[in-house]
Amino acid sequence: MNERTVAVYRTATQKVSEFTVPYNERTTIIDALEYIRLQEEPDLMFRQSCHHGSCGTCGVAVNGEFVLACIKRLADIPEDQPVRIEPLPTMHQIGDLAFDPAEFFNEFPDDITYTRVSDVNTDAAVPEGMEHYERFENCIECGLCVTSCPVTEDWMGPAALASIHRMVEKSPHEADRWLDLAADARGVERCTKNFSCSRVCPTGVAPGKRITLLGAAIKKRAKARAAEGESDA
Ligand code: FES
């Protein structure tokens, strides 16, 4: 195994500390953090659960890039570059790399549903009877889109708005209710169309595109209502 110097942010010192970590082509950032915790710093804090990119708990900044630590590999970072692991900015920090996602989760409407038809595996063979089921939402609620967004104040954020757009798609008969929510002063109109949210999303949700579609639907509805008003007059 090769060795690599990895710098990790520690809350106690408000600085990064450097560690030497063994790695091969499969070693992920989470593997490196677990090695450091087991071998050197038993109180190192970071979040993780599934280790395979589906629970959304392990977001960190690696050399300023917002990634899931369980799928980002050390070998993906050129050897002539340092490896600097820091907490996601804008999230409520608990310690070291760990953050409390409560504020982020609170932006999601209480009554969104988490199942839908797949966008990705549209050609996949469907076992008999599977048409009665829908797969889980692609969003893993990792917060990378929110932390990458340049809008930080008075804003629902890209993840919550993407979930609202999914609801418009899933429940067209309730579209008005969801569009009202998206048209809130903390909603679509605060988006600056930076699209960093779509670029950073590890599961292809494309929140920026969804926010744009919500904005277009809100405008279309307003136009239709105005036309209705004119014809009634
Ligand atoms: S540990 Fe679950 S997404 Fe990384």
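## Helix α7

Helix α7 covers residues 207–232, a run of 26 residues. At 1.5 Å a residue, a helix of this length should span 38 Å, and the C-alpha atoms at its ends lie 37 Å apart, so the expected and computed values agree. These values, like every other in this report, come from a predicted model.

Several residues of α7 are buried, namely P207, G208, R210, I211 and L214. The buried residues of this helix pack against four other helices: α3 (144–148), α4 (158–170), α5 (175–182) and α6 (196–200).

## Overall composition

The protein contains seven helices and nine strands. Of its 233 residues, 33% are buried. When contacts with a separation of 6 or more are considered, 59% of them join residues that are 24 or more positions apart.

## The nonpolar core

Where does the largest nonpolar core lie with respect to domain 1 and domain 2? The core has 52 residues, and those with the most contacts inside it are V60, A69, C145, L161 and I164. Helix α4 supplies the largest share of this core, with seven residues. Domain 1 (2–100) and domain 2 (103–232) both give residues to the core, so the core lies between them.

I164 illustrates how residues meet in this region. Apart from residues up to four places away in sequence, I164 touches P109, W178, L181, A182 and L214. Of these partners, L214 is one of the buried residues of α7.

## Strand β5 and its partners

Which side chains of strand β5 are buried, and which are not? The strand comprises residues 83–86, and its side chains alternate between two faces. V83 and I85 point to one face and are buried, whereas R84 and E86 point to the other face and are not buried.

Strand β5 pairs with β1 (residues 2–10) through three bridges, and these two strands run parallel. In this pairing, V6 has V83 as its bridge partner, and V8 has I85. Strand β5 is also joined to β3, here by two bridges, and the two strands run antiparallel. A61 has E86 of β5 as its bridge partner.

## The hairpin of β1 and β2

Strand β1 also pairs with strand β2 (residues 15–23): nine bridges join them, and the strands run antiparallel. Within this arrangement, N2 stands opposite Y23 of β2.

The two strands form a hairpin with four residues between them. In this hairpin, Q14 takes a positive phi near 60°.

## A buried residue in a loop

F46 is found in the loop that lies between α1 (29–39) and β3 (59–62). Is F46 buried or exposed in the model? A residue is counted as buried when 20 or more other C-beta atoms lie within 10 Å of its own. F46 has 23 C-beta neighbours inside 10 Å, and it therefore counts as buried.

Leaving aside neighbours within four places in sequence, F46 is in contact with L33, D96, L97 and A98. F46 and G59 are 13 residues apart along the chain, and their C-alpha atoms are separated by 9.2 Å.

Note on methods: Residues numbered from 1 in each chain as written. Predicted model: local features only at pLDDT ≥ 70, side-chain atom pairs only at ≥ 80, totals over all residues. Buried ≥ 20, exposed ≤ 12 C-beta atoms within 10 Å, placed from the backbone. Contact = placed C-beta atoms within 7 Å. Expected span 1.5 Å × (residues − 1). Core = buried A, V, L, I, M, F, W, Y, C linked by C-beta atoms within 7 Å. Domains from an automatic or database assignment. Pairing = 2+ DSSP bridges.
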